Amino acid sequence: MGNENIFDRLFETASRRIAQRSSRRSLLARLGTVLVGAAVLPTLPVDRSGRFRKAHAQGFAEQAQTADDTQCNYWRYCAMDGYLCSCCNGGVTSCPPGSEPSPTSWIGSCLNPDDGQVYLIAYRDCCGKGVCGQCPCLSTEGEMPVYRPQLSNDIDWCFGARSMVYHCTGAGIVGKA
Amino acid sequence: MRRRAGLALLLALALLAAGGAGAAEETGEIPRVSAVAEDFSRNCQGCHRADGTGACRTVPRIRDFVGLFTRIPEGRDYLLRVPGVVWAMLDDARLARVLNWMLVSYSRDEIAPDFTAFTEEEVRAARKRPIADVLEVRRGLIAELQRRALLPPGEDGLVSAGCD
């Protein structure tokens, strides 16, 4: 058969060359390395904070600032749902006169754009005084639906306080995550 | 023996982490919380509070209290099956770790002398059997603790002296 295709010949030459130079064992070994690597990689220890940092960096933190705590984009308010105590004669960690801090709070986390660190934040409601109504803010980073109440900001976190009447919300730092 | 070593390690870790996040913001030194303390913060601390004192009549205190439950068999079971534990957004291994950490961090003196640390397997099994009526079960346990004189009458971890 003299009319052999040139591609057939080229391919035959190439595959014979490969077959002469490499063993099937080396192929198995390399393939094995790849397979084991693929299985082990997901189980290696990972930096937990990175997961949150990435999520934070893509969301609220892009527009966040660290200077003015009477604005909704103040960095600690990444999961704030309520009226800012800073706008109600209180502060970011203090309740306005006539209201009292709830003993309970929900814990979220926000990225501080100044130092690139993720901080655990306690969103604490001030209670026992009519609703403040100043500086309403709504951010939902890391927040969960109400059927996960310990991670939800939709509920009145005044439980445990003497009065369930909601006034405003502050944002204290728990620690670096 | 291995379990005891594990408990000792936990104890050491808890002591290291103790003092953690309190009035940090005022002093200007903000601590980095350990992985297990972060799990506690995100899942438990909102209601039980950083100092473990809970809230009068609403949230049971854990400080100087929660370890008492390890002194009766049903109490150990209760700690694993109480709704906040069962539904926590943590896998079984991390949940076991945070429970052990909580016990030694907040209530070391109350833990039963023969207590063995919670294991991942134990947590996994218990999560399949959540307590249905938590208030009734808890009342029963408090009565039993009081009957054994481990708890003074009138003290139930919910309405304590100092409640206003």
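What is the mean pLDDT of chain B, and what percentage of its residues reach 70 or more? Let us work through this one and a few more together.

**Exercise 1. Judge the confidence in chain B.**

Start with the ground rules: this is a predicted model, in which local features need pLDDT of at least 70, side-chain atom pairs count only at pLDDT 80 or more, and totals for chains, interfaces and linings use all residues. Residues are numbered from 1 along each chain as its sequence is written, while chains are lettered from A and ligands numbered from 1 in the order in which they are written.

Step 1. pLDDT is the predictor's confidence in each residue, from 0 to 100. For chain B the mean is 86, and 81% of its residues reach 70 or more.

Step 2. Now look by element; helices (H or I, at least four residues) and strands (E, at least two) are DSSP runs numbered from the N terminus. Confidence in chain B is lowest in helix 1 (residues 2–17), with a mean of 47, and highest in helix 6 (residues 92–106), at 98.

Step 3. Residues 9–23 of chain B have a pLDDT below 50, and beyond near neighbours in sequence this stretch makes 22 contacts in the model. Here, two residues are in contact if their C-beta atoms, placed from the backbone, lie within 7 Å.

Step 4. For the complex, the predictor gives an ipTM of 0.77 and a pTM of 0.75.

**Exercise 2. Set out the elements of each chain.**

Step 1. Chain A has three helices and five strands, running α-α-α-β-β-β-β-β from the N terminus.

Step 2. Chain B, by contrast, has eight helices and zero strands.

Step 3. Turn to burial: a residue is buried with 20 or more other C-beta atoms within 10 Å of its own, exposed with 12 or fewer, and partly exposed in between, with C-beta atoms placed from the backbone. In chain A, 36% of the 177 residues count as buried; in chain B, buried residues make up 34% of 164.

Step 4. Try one residue: is Cys110(A) buried or exposed? Cys110(A) sits in strand 2 (residues 100–112) of chain A, and it counts as buried because it has 29 C-beta neighbours inside 10 Å.

**Exercise 3. Describe the side of chain B that touches chain A.**

Step 1. Count the partners: 22 residues of chain B are in contact with 17 residues of chain A.

Step 2. Find the main contributor: helix 3 of chain B gives the most to this side, with eight residues.

Step 3. Sort by class: the side of chain B that touches chain A has eleven nonpolar, six polar and five charged residues. Nonpolar means Ala, Val, Leu, Ile, Met, Phe, Trp, Tyr, Cys and Pro; charged means Asp, Glu, Lys and Arg; the others, Gly among them, are polar.

**Exercise 4. Work out how helix 3 and helix 6 of chain B meet.**

Step 1. Their axes come within 9 Å and cross at roughly 90°. Axes are lines fitted to C-alpha atoms, for helices over the stretch in contact, and angles run from 0 to 180 degrees between N-to-C directions.

Step 2. Angles under 35 degrees count as roughly parallel, over 145 as roughly antiparallel, 65 to 115 as roughly perpendicular and the rest as oblique. Helix 3 of chain B is therefore roughly perpendicular to helix 6 of chain B.

Step 3. Among the residues making the contact are Phe40(B) of helix 3 and Met102(B) of helix 6. Leaving out residues up to four places away in sequence, Met102(B) touches Phe40(B), Ile62(B) and Val66(B).
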